[in-house]
Amino acid sequence: MEMRRRVGSTWVQLGALVAAAVLVVGPTPEVVTRWEGATVHPRWTPALLALAAGCVLVAAGADRAGRLREVALGALVVPAAQLTGLGVWAAWRWHVAVDAGRLDVAPSRLPQLQLCAVLLAAAGLCLLTSALAALAALAATHRAPRSGRGAAAAPRSVRWARRLVGVAVLAAPVVLLLGGLDAVRPAALVQVLAVVVLAGQPWGGALLLVAGRGDCVPVGVLLSVLVLSVCWVLAPVPGLAVGLGTVLAAGAPPVAVVSALLPPVACLALLGVGLLPTVLRTRGRAVTA
């Protein structure tokens with residue numbers, strides 16, 4: 001029964017990913033050769049899909065209750081949440097971009113594009129729900145007396161460090177956006193909301209969600225946030241002044257530059273702190289042997 005449930009979960013996740021990829025590229029096939037001017041989706045969307053696919057495949061091939069499966073499922077939560085936010089963002093942004101003539105897209109295609117955006121959000125939500133359900137099943141397995149293996153809770157200092165990093169990562173993209181704007185105006189509030197949906201909530205929210213767990217799931221979340229925050233900085237989202245290059249060119253205050261670098265640096269530091277005891281234990285066993 002457990003194996004059947006796991007296989008079913010894997011097929012649901014793969015189906016949601018394939019649907020998301022089709023919904024991103026299918027309506028505008030020209031993005032394969034000309035991404036700019038053909039879509040509102042960020043240039044790092046392929047990396048987002050590739051990361052999610054890798055997480056699904058690793059989780060499917062890992063041991064049923066192994067640590068690698070926990071890491072992969074934890075890592076999957078972040079791109080799944082971000083795909084959901086990407087669909088919400090696109091559902092609003094297609095209308096604005098097409099009406100303003102900013103993209104090489106015929107206005108008659110707007111209903112199709114908006115429908116695809118709504119379906120993309122649904123596919124991302126399906127992927128996110130499946131990942132969280134699989135994590136809940138793993139947690140229940142670890143709590144079972146017959147499992148012979150318990151997932152020890154993280155120390156209090158580590159839990160608080162994760163929460164602080166989660167809050168900082170949640171707020172950093174918003175601070176970065178505000179630092180890149182010439183002035184805070186009503187239209188900027190819509191952009192702030194978009195940034196929260198696209199990055200802040202998927203990154204910081206995922207860290208806060210798993211702050212109290214053991215080592216494996218938070219490590220997966222941190223790895224995902226590290227990869228995607230680097231993509232965010234290197235390839236800005238169309239219509240949002242959130243790229244590090246954009247901020248530096250605009251002469252933004254130092255707080256905006258720090259906000260751009262905070263998510264990857266904080267995740268890298270927290271990964272190092274979390275993995276250091278494991279490395280020391282491994283070296284200790286090797287010396288003893």
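## An all-helical chain around Leu127

Leu127 is buried, with a relative accessible area of just 1%; buried here stands for under 20%, exposed for over 50%, and partly exposed for what falls in between, with a 1.4 Å probe and protein chains only. Please keep in mind that this is a predicted model, in which local features need pLDDT of at least 70, side-chain atom pairs count only at pLDDT 80 or more, and totals for chains, interfaces and linings use all residues. Residues are numbered from 1 along each chain as its sequence is written, and side-chain values use heavy atoms, with hydrogens and water left out.

**The chain as a whole**

The protein chain has 9 helices and 0 strands, where helices (H or I, at least four residues) and strands (E, at least two) are DSSP runs numbered from the N terminus. Read from the N terminus, the order of elements is α-α-α-α-α-α-α-α-α. Of the 289 residues, 48% are buried. Contacts, meaning heavy atoms within 4.5 Å, reach far along the sequence: among those with a separation of 6 or more, 76% join residues 24 or more positions apart. The chain exposes about 13700 Å², and 70% of this comes from carbon and sulfur atoms; accessible areas come from the Shrake-Rupley method with a 1.4 Å probe, and for residues only the protein chains shown count as cover.

**The core**

Back to Leu127, which sits in helix H4 (residues 110-143). Which residues does Leu127 touch, leaving aside its neighbours within four places in sequence? The partners are Gln13, Ala16, Leu17, Ala52, Val56, Leu76, Ala80 and Leu83. Leu83, under the rule that leaves out neighbours within four places, is in contact with Leu17, Ala20, Leu48, Leu49, Leu120, Ala121, Gly124 and Leu127.

A nonpolar core is a set of buried Ala, Val, Leu, Ile, Met, Phe, Trp, Tyr and Cys residues joined through side-chain atoms within 4.5 Å. The largest one holds 61 residues, and Leu83, Leu127 and Trp203 touch the most other members. At least two residues of this core come from each of H1, H2, helix H3 (67-99), H4, H5, helix H6 (186-209), helix H7 (216-234) and helix H9 (254-288). H3 gives the most, with 12 residues. A second, separate core has 10 residues, including Val98, Leu103, Leu110 and Leu113. As background, nonpolar side chains in soluble globular proteins tend to be buried together.

**Other buried residues**

Polar side chains turn up on the buried list too. Thr10, in helix H1, counts as buried at 14% relative accessibility. Thr10 touches Val56 and Ala60, not counting residues up to four places away in sequence. Arg69 belongs to helix H3 and is buried because its relative accessibility is 8%. His41 lies in the loop between helix H1 (2-25) and helix H2 (45-61), and at 3% relative accessibility His41 is buried as well.

Three of the residues discussed above have listed partners from elsewhere in the sequence:

| Pair | Separation along the chain | C-alpha to C-alpha distance |
|---|---|---|
| His41 and Trp94 | 53 residues | 9.5 Å |
| Leu127 and Pro79 | 48 residues | 9.1 Å |
| Arg69 and Ala134 | 65 residues | 9.7 Å |

**A covered helix and a surface patch**

How many of the 19 residues of H7 are buried? The count is 15, and H7 is mostly covered. From its first C-alpha to its last, H7 reaches 28 Å, close to the 27 Å expected at 1.5 Å a residue; the expected span is 1.5 Å times one less than the number of residues.

On the outside, Val167, Leu170 and Leu208 make a nonpolar surface patch of about 210 Å². Patches are made of residues with over 30% relative accessible area and no salt bridge, with like charges joined within 9 Å and nonpolar side chains (Val, Leu, Ile, Met, Phe, Trp, Tyr) within 5 Å. A salt bridge is a side-chain nitrogen of Lys or Arg within 4 Å of a carboxyl oxygen of Asp or Glu. Val167 is part of helix H5 (residues 156-180) and is partly exposed, with a relative accessible area of 47%.
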